[in-house]
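Trainee: Could you take one part of this model and walk me through it slowly? I'd like to see how a single piece sits in its surroundings before we zoom out.

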Amino acid sequence: MQIQELVLHKAEEYLASGKVDRVLAWKKGETFYDNSPAIFTKDNLNGFVYNEFCAPNLSKYLVNESKKEGKILVFLKPCDTYSFNQLVSEHRIDREKIVVIGLECQGMLDEKKIYNLGFKRIEKVEDGLDNIIITADGQQVQIKREELLSVKCVDCKSKEFAVADETIVVNEMKQPDKNSRFSVVSELEKMTEEERFKFWQNELSKCIRCNACRNVCPACTCTHCVFDNNKSGIAGKANSDSFEEKLYHIIRAYHVAGRCTDCGECSRVCPESIPLHLINRKFIKDINDNYGEFQAGKTVSEHNPLVDYTKGDCEPKEMVGK
Amino acid sequence: MNNLDCLIPIVAVVTDIRRDTPDVKTFRVVGLDGKKPFIHKPGQCAMLSIPGVGEALFSITSSPTNEKYLEFSIKKCGCVTEVLHSIEVGQQITLRGPYGRPFPVDTVFAKKDLLFVAGGIGLAPLRSVINYIRDKRENYGKVAVVYGARTAEDLVDYEEIEKEWKNVKDFDVYLTIDREQPDWTGHVGFVPNYVKEVGVPNTYTAVLCGPPIMIKFTLAGLLELGFKKENIYTTLELRMKCGIGKCGRCNVGDKYVCKDGPVFCMTELDELPDEY
Amino acid sequence: MYKIKLSDLDKLYKAISEDYPLYLPIKKAGEVNYGLYGEDEEVSLTTLKTVKSPKDAFFPQSEDLVNFKVDGNKIEVIDVRKEEQPFVVMGVRACDFKAFDVLDRVFLVDPLDTFYQNKRNAAIVVTNACTEPEDSCFCKVFGIDASDPSGDITTFIIGENLFWRANTEKGNALTEKVKGLFTETDDKIVAEEQKAIREKINSLPNVNLDLTPFKDEMLDIFNSEKWGKLSEACLGCGACTFVCPTCQCFDIRELTKNDGTVSRFRCWDSCMYSDFTKTAGGQPRTTQMQRYRQRFMHKLVYYPENNEGVYSCVGCGRCVKSCPMHLNIVKVIKAFDKGGKDE
């Protein structure tokens, strides 16, 4: 059986047995790629879908959903489970009300990368695991999966489930190469200060302050963000002063440091394709280098090193110039 | 290039500040030339600001018949109003307006018997109409004003009401406060109930302004008494930034409250989504 | 009709930019947006959809309205508007050009918005026909012909050439200045290409959307239960509104500069934001569903009600491409289609 059917059956089974009242999953859109997160109930499973275009991380929706009455089943891809755990550890979601089903993920695809190959009218996209078969503009082509991966799936951090009450895995998931995760960050580190400043200046100058990165971020769950608070003095909506964008993204990165699980949603949703995840990943790399390896969301009990003092902690001065 | 733009304000100066209630002050404003900055109609609003603090829209409390100055009765309840409450006479402010559709004082209201119902600071926009009518008394029929506040101290314009309004012919004023208090000998009770007790004939044209809950129950009461919706008016307050129907903030249905309102007839509101 | 080889376009840009500031699609860090031409910039005229629309040319994301000098209790108003010099916006697609009309109906009606008007009057608009429309395009639904945009000048990129046709006096004047780079040609190739474009457009998936349900009673559409499901995944970000060529909501804010001058500026705002309608006294739209509904009601019902049936959507498809959760106006229109599936 295909994974899509297995997932649907699992949803039906839980709903039918009354073990859960609602299912949080993805709903088929109008075209091959535009699936959206949705809540399903026993009476309405129309459009239920799970395929290579289900990139949205559903964890954050649980902040509101788990406040509601009844139990909810959520489908999480391996990387989403880390966000889930992190939210549980921050007491943002009620674990007791949630059933987690872990789903196989071979890496989600980015429709933009397909269109960027020059296709105008795409009829069909089929997932052949290693290869993706695209029918478009009167022709059929095979493209390697790696070339079409969503930015969040390039340099995947792990195919292991940090949490799952059950899992649905049909094809084996290849563990990603650990060394590749920080390769781009290392390249940025090798740049001179001027080069690096220019790189970020160029990227961040595209920012349109739409707040998509913040609103999608599972680590951004403040009920009233400082950037929305008129009394904060920094509730800017303007992009006139390009320093403001840097401030916005840098403050955000500091705020989620140690809590960011590297789910990559910020970069996936950016309309201007700013590689925001690299800022967070730099923090993760620094935490690993200075405090030993730490993966936010791997467990619900382990403390983030930035809020956990130990006698062995390195001194700030040791970090400078490292 | 146009010399004028609606979004560019003029400078005006505050020449008098009167404390009406513990959290309402009335500000008298004139242009730098000492004259009234602009001509308005009852029910219209203007944008006031203290640069560096921000701009906010307030209804003009004074009557157009006052040729010397504008008045604004302002309740302390946000950033801008807090600062306005701390200023002293002589302070310059910026001003733009007048904005919005006024009460139909010279058309629909002419010759009619009128009932005004206000709660708390809700008297501010109505005071402009009421004083306009007092000054053109012969153009209107009988007038009844039902005005209430939480306490006696919260009644805005109490002095003017007692000394002036109550002496006008065919002009009845009914004051009420929510709860009994020692020095109060007048009526005690909520505005909507008092409106029913007063028993104004349902042929009057009614004008309501106050907190949403007061409007809701007063409206229900008036309909019960047989008032027709087309004879009931109110004035809305939503968040506004531009005041000229462009910034989109006060859009409800196909209307912009700043431009198509703030004064609406109840029949018009019935056709709009319930988002005000 | 004139033409110029694509390989000579740099000369054209340079020639125009000698006389006018020239705004056109420029690629920066992988994405294409309208920007000021410079010799080092990478122009990408063939990009179908810039991330942001060209509305910035007349209604910038943020612009100073007025400055104030505050001295004790005294205030001085400083008008910061300057005489707008003529400038050229090149590469404007038919949908985006139509969007200028949608904005005009907001900013150029009484009372006039002089900030917008001055820029609008100063602009020479060069449009570009869509020789390669794509899946997310649905301008045809709003009666727009992407094969024949108007503007002061219309251009067509066909094969190795860019064809150039002046439509207005302003267009003629600009053409005169750069004519030396062109060769004259008839419009036969263009006419053939236009036919081909129209065929391509007719084959797109969303060109037959039915808008008639939005002509129903306003309150019936407003009170529809469909909005709940449609908005379920909405994050409340402003991506759709900021890439939209017709969204025109703005905020007015102030900034106190280091020298004490207070700058009052306006900046784009989004009805999707939770603080959009928040006041000191309350919040009429407390849920994301209400905000989401407002955006589409405005585009498909309220705006047409006030503008002789003209919709505040031009089918550019930017929201289709940029919504993080793939919610968009196409899904809204389809959900209300009576022949369509029922939710």
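What follows is a close look at one strand, and then a wider tour of the chains.

Trainee: Let's pick strand β8 of chain C: which residues does it cover, and how many of them are buried?

Mentor: Keep in mind that we're looking at a predicted model. Strand β8 of chain C covers residues 123-128, and six of the six are buried, so the strand is largely enclosed by the rest of the structure. Now look at how the side chains alternate. A123(C), V125(C) and T127(C) point one way from β8(C), while I124(C), V126(C) and N128(C) point the other way, and all are buried. Buried here calls for 20 or more other C-beta atoms within 10 Å of a residue's own, and both faces of β8(C) pass that test.

Then there are the neighbours in the sheet. Strand β7 of chain C, residues 87-92, pairs with β8(C) in the parallel sense, over five bridges. To find the register by eye, put V88(C) opposite I124(C) in β8(C). β8(C) also pairs with strand β9 of chain C, residues 153-158; those two run parallel as well, joined by three bridges. There, T127(C) has T154(C) in β9(C) as its bridge partner.

Now step back to chain C as a whole. Its secondary structure comes to 11 helices and 13 strands. Of the 343 residues of chain C, 47% count as buried. Take the contacts between residues at least 6 apart in sequence: in chain C, 69% of them join residues at least 24 apart. The C-alpha trace of chain C spans about 65 × 65 × 40 Å along its principal axes. Its radius of gyration is 22 Å, which agrees with the value near 20 Å that a compact globule of 343 residues would have.

If you want a single buried residue to compare, hop over to chain B. I50(B) is in strand β3 of chain B, residues 45-50, and I50(B) is buried because 23 other C-beta atoms lie within 10 Å. Leaving out residues up to four places away in sequence, I50(B) touches V83(B), L84(B) and I93(B). I50(B) and T94(B) are 44 residues apart in sequence, yet 6.4 Å apart in space, C-alpha to C-alpha.

While you're in chain B, check its domains. Domain 1 is 10-99 and domain 2 is 114-235, with 24 Å between their centres, taken over C-alpha atoms. In chain B, 15 residues of domain 1 are in contact with 15 residues of domain 2. On the domain 1 side of that contact, β1 (10-21) and β5 (70-75) of chain B each supply at least two residues. The residues on that side of domain 1 of chain B divide into five nonpolar, eight polar and two charged.

Chain A is a good last stop. Its domain assignment gives domain 1 (1-107 + 155-176), domain 2 (111-148) and domain 3 (178-322). The centres of domain 1 and domain 3 of chain A are 26 Å apart, taken over C-alpha atoms. Their contact takes 19 residues from domain 1 of chain A and 17 residues from domain 3 of chain A. On the domain 1 side, helix α3 of chain A, residues 78-89, gives the most, with nine residues. The residues on that side of domain 1 of chain A divide into eight nonpolar, six polar and five charged.

Notes: Residues numbered from 1 in each chain as written. Chains lettered and ligands numbered in written order. Predicted model: local features only at pLDDT ≥ 70, side-chain atom pairs only at ≥ 80, totals over all residues. Domains from an automatic or database assignment. Contact = placed C-beta atoms within 7 Å. Helix = DSSP H or I, 4+ residues; strand = E, 2+ residues; numbered from the N terminus. Nonpolar A, V, L, I, M, F, W, Y, C, P; charged D, E, K, R; others polar. Rg over C-alpha atoms; globule rule 2.2 N^0.38 Å. Buried ≥ 20, exposed ≤ 12 C-beta atoms within 10 Å, placed from the backbone. Pairing = 2+ DSSP bridges.
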